[in-house]
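Below is a set of questions about how certain labels are reached from computed values. Each answer sets a value against the criterion behind the label and then draws the conclusion.

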Amino acid sequence: MRVLLIGAGGYLGRFVADRLLADPAVQLTALGRGDDADVRFDLATGSPGALTRFLDAVHPGVVINCAGATRGGARELTRHNTVAVATVCEALRRSGCGARLVQIGCGAEYGPSQPGSSTAEDAVPRPGGPYGVSKLAATELVLGSGLDAVVLRVFSPAGPGTPAGSPLGRLAEAMRRAMQSGDSDLKLGGLAAQRDFVDVRDVARAVHAASLSAAQGVINIGSGRAVRLRDAASVLARVAGYGGSLHEVDGPPGGGHLRPTIGHPRTDPDHPAPVAYPYPDGCGSWQQADVRTARDRLGWRPRISLEESLADIWMEAACRI
């Protein structure tokens, strides 16, 4: 099976590439903006025609799109998350390769959920910020393309390679600094949010399974369990061997002089945080995936515990001490 992987150099893409390379039946070609890609191509600026010519030359059976942006303004997010996917869909429609498309979506497309609930694929998406909006628009483009396609809505990926700007990445960095300076009193804000964390290696397994399946539509990829960031911080402290005290500060977003705010964005007097959605991902205080569709249609279940994911996050952070 010849697979074209877009975004192989990104956080998720690296693990998807590793998973595919471990399958002797897969012939992998990586396309992206970086020098490490087999073919350099920028989806946000490249033309569908150019991509079509490449698809006709390589003739993949599966195209996996892990590319995209998680940070930036609305224009940048739209360019990298929506326009880029429009380019992929149009190129696949024009091409004669007939490839199946596996698109990586995100839980932020759903927006805030009722505390205690599990979000299934038939929930009405109400994204609470520009990132979720840009990803939802991409999903709608894929679903309306007429292609053989599936969208994996990944909730909160964790594990090795976790970006420093993510909640768990900032948490690990705050703890590293506290241990480095001998600080036995760590104050953290924004720990009340509850998120569904899923290990990035389990995500890669789901992508691999989706590429081999005939499943179409939207499929949630998560652990099926919401975890409070406060509890994740406690587990990380145990894994790290941090003997100090963790003090949760539930002040307004960006709470004054206090040190790292994990769940809230920074604010300034001229641009206050939105009251309804005070978390950067626009998902409010709670998100938990219903993952029964992934089990039934992909034969997939998460295998790696959050504790193992946090241990790997800490191992990378500790190397910076």
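Q: Why is F155 called buried?
A: In this predicted model, F155 has a relative accessibility of 7%, and since buried means under 20%, the residue counts as buried.

Q: What makes Y110 and F155 an aromatic pair, and why is the pair described as tilted?
A: Their ring centres lie 6.0 Å apart, with 35° between the planes. The pairing criterion asks for centres within 6.5 Å, and the angle is neither under 30 degrees, as stacked would require, nor over 60, as edge-to-face would require, so the pair is tilted. A search of the whole structure finds 1 aromatic pair.

Q: What parts of the chain does the pair link?
A: Y110 belongs to the loop between β5 (100-106) and α4 (130-143), whereas F155 belongs to the loop between β6 (149-154) and β7 (156-158), and the two are 45 residues apart. Y110, like F155, counts as buried, because its relative accessibility of 2% is set against a limit of under 20%.

Q: How do you know that the charged end of R153 sits over the ring of Y110?
A: The charged end of R153 is 4.6 Å from the centre of that ring, which satisfies the distance part of the criterion, within 6 Å; the label also requires a position within 35 degrees of the ring normal, and R153 is listed as sitting over the ring.

Q: Why is C106 in no disulfide?
A: By the rule applied here, the count comes to 0 disulfides. The nearest cysteine sulfur to that of C106 belongs to C283 and is 7.4 Å away, whereas a disulfide needs two sulfur atoms within 2.5 Å, so C106 does not qualify. C106 is also buried, at 5% relative accessibility, and C89 is buried with a relative accessible area of 2%.

Q: What makes K135, in helix α4, count as buried?
A: The relative accessibility of K135 is 6%, which falls within the range of under 20% that defines buried, so the term applies. Leaving out residues up to four places away in sequence, K135 touches N81, Q103, I104, G105, C106 and E109. Its C-alpha is 9.3 Å from that of G107, although the two are 28 residues apart in sequence.

Q: How do you know that I219 is buried?
A: I219, found in strand β10, has a relative accessibility of 0%, and buried means under 20%, so the conclusion follows. Beyond its neighbours within four places in sequence, I219 is in contact with residues including V150, V151, L152, T293 and L298. I219 and A120 are 99 residues apart in sequence, yet 8.7 Å apart in space, C-alpha to C-alpha.

Q: Which residues have the most contacts inside the largest nonpolar core?
A: They are I64, L152 and I221, in a core of 32 residues. Among the elements giving two or more residues to this core are β1 (2-6), α1 (11-21), β4 (62-65) and β10 (217-221). I64 is in contact with V3, L5, V16, V102 and V207, among others, when neighbours within four places in sequence are left aside. A second, separate core has 29 residues, including F41, L51, A91 and A149.

Terms used
Residues numbered from 1 in each chain as written. Predicted model: local features only at pLDDT ≥ 70, side-chain atom pairs only at ≥ 80, totals over all residues. Heavy atoms only, no water. Buried < 20%, exposed > 50% of the residue type's maximum accessible area, 1.4 Å probe, protein only. Helix = DSSP H or I, 4+ residues; strand = E, 2+ residues; numbered from the N terminus. Core = buried A, V, L, I, M, F, W, Y, C linked by side-chain atoms within 4.5 Å. Contact = heavy atoms within 4.5 Å.
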